[in-house]
Amino acid sequence: MTRKAFYAYPGGHRDVEDSIGAAVSRVTNFKIKPWPKMDIFGFRIDELIREEIVEAEILFADITYPNFNVYYEIGYSIGRLKPVVPTMNYAVTTANANASLTGIFDVTGQIRYQNAQELEEKIRDTNADAWANHYIKEKNHNEPLFILDTLRKIDFRQYIFNAVSNSGVEKNTFDPDETPRLSLSTSVADISASTGVIIPLLSSNIEDSFRHNLRAAFLLGLAHGFDVEPLVLQYENEPAPLDFRDFITTVRSRREVDQKVEEYCQKTLIKNQKRSVIAQIPNRSLLEKIDLGASAAEKEAQRLGSYFLRTAEYSRSLRADGALVVGRKGSGKSAIFYSVIDRKADDKTALTVELKPESHSLSELREKLLEVMSVGVFDHTIAAFWQYIIYIEILLQLRDKALLKAKYNFKKLKEIEEIESEFSLTEEMVSGDFTARLEGAVKAVVGAIDPKDRGEQVRNKLTNLLFERQIGQLRNAVVKLAGDFESIIVLFDNIDKGWPARQVEAHDVRMVQHLANVLTQLQRDLRRREITLEYLLFIRSDVYEQLVEETSDRGKYNAIRVDWSDAEQLRFLLKQRVVSNVPADQANAAWVAIDPMLDDGTSGVTAMIQASLMRPRFLIDLAERAVSFAINRGHEFVSSKDVTDALASHSLYLVTDFGYELRDVSGISEKIFYAFLGYGDVVDENQAIEIIDKQNIGIDTGRVINLLLWYGFFGIIDRRGKKAFIYDREYDISRLEAERDQQAPKIEYVINPAFLRGL
């Protein structure tokens, strides 16, 4: 039986066009129409292509060269529940890198060819039905809106997010800063479960714009395939791809962005009230019922409670009256943040103040202040700034609670009105979110600084503008409205969200230090007025280490460390995710289904834990990849090959995207891992120094080596002859360095096997 297919590929590449043209003319088991064969004269090409996809049984799509139209067509086909077969000419030197740009094709596999004959043979032998969509979800009425976030939090992006926050619509986002890879399963689940989708397009001068716009094209195709009408915004007038040119709205000011987003959010709320039915896949296999959820807690806030692992660190966070929650990126800090909020929400005698800016311009503030003032005045100004910010946020939360109770209490309403007038609490200020208010405060300070001013002049001006004059009155207003609560709980996360790439600097750490000190000071000030203030400040481990180094009293901070070192605990965490969404009588079978025995006798889950650098986010991503490989290959259980392919894919991620985490903290090039390509699993100290020196990093070689130890790329061989990485030593870098130095003069470093597969 001949099956009808459509072949999408970019024009202008003869190495692809010639192979595809010759192959499809000779294939007999498929009747394939390549897009150049369409009769498009006098018709809109985008409509005709969608019609061809709808009429076809299968889509073949070439991803040798990334192309917006092709990515759109792939997304549209998946949304229409059509099998999609990616193809790739591996003779092209950039093909592998191109295919792995976004993460969409990490687990799909491709028909790989180098000439027309090879492509023809593989098309003839392909089982296209194994490539069908298995990831659609029921509509999520709790979070009806999906937003594609940008890597750099530019003003255009800020306008969109502020407008959504003001609308009150709950959102789900994909943030490449948190999760660099856009997985096929997650994107299909997110879009199919959404009632509205907002997609910004970026101009070519913005960092990561090409990869972002590829994601945008794919997600837009998915939305159209699932009959979700998205809002696609661009801030420039650059030529748009043919397939979706007519779906793009161009905006030229913040006011236009606000208007378009607010109108769209209103429509989304209305549509969200209607019952939506999407096509369901019958007879789902056990693997297809497993839903591991998103690896980033920000995307799982609504359902985190169903499988959150209540660790001892979580219990300490609940009990703490003031603490720093410290962990590496992906260790679960945000999961604790949301879980503490959920738990505290049941206590009506406590006011919970959530401070989680989605981005900010604190680095801009820091740079501006350093231009015009001494360190002492800088410290004074930043401390006052934080007092103002924290007090104003507590006051706004108290105001909202008081308004609910003061509806028929004229005296209380009058009291609230007086407070609003005293502190200029405009409608824009009270209806916005914390991110917008933080940005506004930063801009107010920066705008007030005259480059001609110096030292005390700046201090006096800023004192009059925002801070010292109002801080006492703010505290009194908080005391006046806090009578209905026994305690106030402040949770502050994402302090590092807006920091610049290329290195965390000393003054960034100082800003965190002042924030921690101010929270303690506010705690004391309010306690004297018989109000209990509790706080949790969530920060990255590397920032905390620098914070401690700059503090004379090393025991000053109550630190709750959430980095993981127990493999069994991680195994239990993963099991909670696996069994939480399958019927109880299938829980054990589901766990067995994802844990095959590998060829070397290691269990699949054990191998994934070993490759995860002991980070829950990496482990969840790894398991998701293994399950996705198995589903896409038509397997009833995860096989040994599914796990090994997932490990290889994850290793490529570590070598490429993970390098950006190291770069953003230290300033070391994100390509540092590539320097060790081909060196095997052990290098001695002289080799390591030689390799690093060749990179001309501009940073002390010893510091680079220590950072590679800190991040788990390097390990050592201990006295018992075993490999030891930082997580094997409870993240005690001093101990690891001491064990290494005992080996002198013959010091050797072990490259983590999790990276080796990608090297």
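How many of the nine residues of helix H27 are buried? The legends below address this and related views of a predicted model.

**View 1. Helix H27 (residues 658-666) and its surroundings.** Seven of the nine residues of H27 are buried, so the helix is largely enclosed by the rest of the structure. These buried residues are Phe 658, Gly 659, Glu 661, Leu 662, Arg 663, Val 665 and Ser 666. Their cover includes strand S14 (532-540) and helices H21 (541-549), H25 (616-632), H26 (640-655), H29 (701-710) and H31 (753-756). Gly 667, just after H27, has a positive phi of about 90 degrees.

**View 2. A stacked pair within helix H3 (residues 68-79), formed by Tyr 72 and Tyr 76.** The model has 28 aromatic pairs. In one of them, Tyr 72 and Tyr 76 are stacked, at 6.3 Å centre to centre with 10 degrees between the planes. The two residues are four apart in H3, about one turn of the helix. Both Tyr 72 and Tyr 76 are buried.

**View 3. The ring pair of Phe 658 and Phe 673.** The ring centres are 6.3 Å apart and the planes lie at 10 degrees, so this pair is stacked. Phe 658 belongs to H27 and Phe 673 to the loop between H27 and strand S16 (682-684), so the pair ties together parts 15 residues apart in sequence. Phe 658 is buried, with a relative accessible area of 1%; Phe 673 is buried, with a relative accessible area of 1%. Ring pairs link Phe 658 and Phe 673 into a cluster with other residues, including Phe 618, Tyr 653, Trp 710 and Phe 755.

**View 4. Charges over ring faces at Trp 710 and Phe 337.** Arg 328 lies over the face of Trp 710, 3.6 Å from the ring centre. Lys 356 lies over the face of Phe 337, 4.8 Å from the ring centre.

How values were computed
Residues numbered from 1 in each chain as written. Predicted model: local features only at pLDDT ≥ 70, side-chain atom pairs only at ≥ 80, totals over all residues. Heavy atoms only, no water. Buried < 20%, exposed > 50% of the residue type's maximum accessible area, 1.4 Å probe, protein only. Contact = heavy atoms within 4.5 Å. Phe/Tyr/Trp six-rings, centres within 6.5 Å; stacked < 30°, edge-to-face > 60°. Lys NZ or Arg CZ within 6 Å of the ring centre and 35° of its normal.
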